Amino acid sequence: MKILFYCCEFAPEGKTGAIRPSKLAKYFKRFGADIDVITKEIDKPIHVDLLADLHDVEINRIKLKKLLPINDDGFWFSIYSIIPMVIYIRKNKPDYIFISVPVYLPILVVYLMSLLYRTKFVIYYRDLWSG
C-alpha cells in the first residue's frame, strides 16, 4: 500500500504538529506501507532523531514564499504544494493521501486531488478547538 503524507509540518521540525505525523509514518512503515511525504522546508531542524526511522522515506520539501502579508504557513503550503502534488500523484499513484492539519485550506486541496485522481484520503484534524 502506497501512502502520501501531505503535512505542512513534519520531522525534523520542532512542533507537536510535526512529531505526530512523523511517528505515524514510522509505524505505517513498520506495517509494510510505502510512505512518501510532501511538506514544507524548515529553517531549524530540531528533532533530527525522528528521521532515523524514516531513512528510506522520500521527503519532498517545498519552499514557501510569502508574497502577501498573510502569516499562515498552512495557506502558503496549500498554494505552493499543488503542482508538486499533481506531479507526485501522476507519477506514483498513491492508494491513500494522509493529511495532518490544524487548518481547513489544505483539506480542500487534498479533497480536490482525491476527486481528480480518484485517490482515497484520510484527514487527521489536529487540535480542533471549540467553544
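1. A pocket, here, is an open set of grid points where a 1.4 Å probe fits, with protein on both sides within 12 Å along at least five of seven lines. Keep in mind as you read on that the model is predicted. Its largest pocket holds about 250 Å³ of space. Rolling a probe the size of a water molecule over the atoms is how such empty space shows up.

2. Now for the walls of that pocket. Which residues lie nearest the centre of the largest pocket? They are K40, E41, I42, D43 and K44, out of 13 residues that line it. Sorted by character, the lining has eight charged residues, four nonpolar ones and one polar one.

3. Next, the salt bridges. Side chains of opposite charge can pair when their charged atoms come close. How many salt bridges does a search of the whole structure find? The count is nine. One of them joins the side chains of D53 and K26, at 3.3 Å from N to O. D53 sits in the loop between β2 (34–40) and β3 (58–62) while K26 belongs to helix α1 (residues 16–30), so this pair ties together parts that are 27 residues apart in sequence. Look at how covered the two partners are: K26 has a relative accessible area of 12% and is therefore buried, whereas D53, at 39%, counts as partly exposed.

4. There is a similar story with D56 and K29, whose side chains meet in a salt bridge of 3.5 Å, N to O. Why does this pair tie together parts that are 27 residues apart in sequence? Because D56 lies in the loop between β2 and β3, and K29 in helix α1. As for cover, D56 is partly exposed, since its relative accessible area is 46%.

5. D73 and K66 make another salt bridge, with 3.0 Å between N and O. Both ends are partly exposed: D73 has a relative accessible area of 22%, and K66 comes in at 40%. It's worth tracing this pair further on your screen, as D73 and K66 belong to a network of salt bridges that also links E9, E13, K15 and K40. You've met K40 already, among the residues nearest the centre of the largest pocket.

6. Turn to the surface and find the nonpolar patch made by I79, L105, L108, Y111, L112 and L115. Together these residues have about 530 Å² of accessible area. Which helix gives the most to the patch? Helix α4 (residues 105–117) does, with five residues. I79 comes from helix α2 (residues 73–80). With 42% relative accessibility, I79 counts as partly exposed; a patch residue needs over 30%, so I79 clears that cut-off.

7. A few backbone oddities deserve a look. Most residues other than glycine have a negative phi, and most peptide bonds are trans. Where is there a cis peptide bond? Try the step from A11 to P12, where omega is near 10°. P12 is found in the loop between β1 (2–7) and α1.

8. Then check phi at K93 and R118. K93 isn't a glycine, yet its phi is positive, about 45°; R118 isn't a glycine either, and its phi is about 50°. K93 is in the loop between α3 (82–92) and β4 (96–101), and R118 is in the loop between α4 and β5 (120–125). Are they buried or exposed? K93 counts as exposed because its relative accessibility is 59%, and R118 counts as exposed at 78%.

9. Last, two pairs to check with the distance tool. S81, in the loop between α2 and α3, is 75 residues away from Y6 in sequence, but their C-alpha atoms are 9.1 Å apart in space. S81 has 0% relative accessibility, so it counts as buried. R90, in helix α3, is 27 residues from Y117 in sequence and 8.0 Å from it in space, C-alpha to C-alpha. With a relative accessible area of 55%, R90 is exposed.

Note on methods:
Residues are numbered from 1 along each chain as its sequence is written. This is a predicted model: local features need pLDDT of at least 70, side-chain atom pairs count only at pLDDT 80 or more; totals for chains, interfaces and linings use all residues. Side-chain values use heavy atoms; hydrogens and water are left out. Patches are made of residues with over 30% relative accessible area and no salt bridge: like charges are joined within 9 Å, nonpolar side chains (Val, Leu, Ile, Met, Phe, Trp, Tyr) within 5 Å. Accessible areas come from the Shrake-Rupley method with a 1.4 Å probe; for residues, only the protein chains shown count as cover. A salt bridge is a side-chain nitrogen of Lys or Arg within 4 Å of a carboxyl oxygen of Asp or Glu. Helices (H or I, at least four residues) and strands (E, at least two) are DSSP runs, numbered from the N terminus. Buried means under 20% relative accessible area, exposed over 50%, partly exposed in between (1.4 Å probe, protein chains only). On a 1 Å grid over the protein atoms alone, a cavity is a set of points where a 1.4 Å probe fits but cannot get out, and a pocket is an open set with protein on both sides within 12 Å along at least five of seven lines; lining residues have an atom within 4 Å of a point. Grid points are joined across faces, edges and corners, and a volume is the space filled by probe spheres set on the points. Ala, Val, Leu, Ile, Met, Phe, Trp, Tyr, Cys and Pro count as nonpolar, Asp, Glu, Lys and Arg as charged, and the others, Gly among them, as polar.
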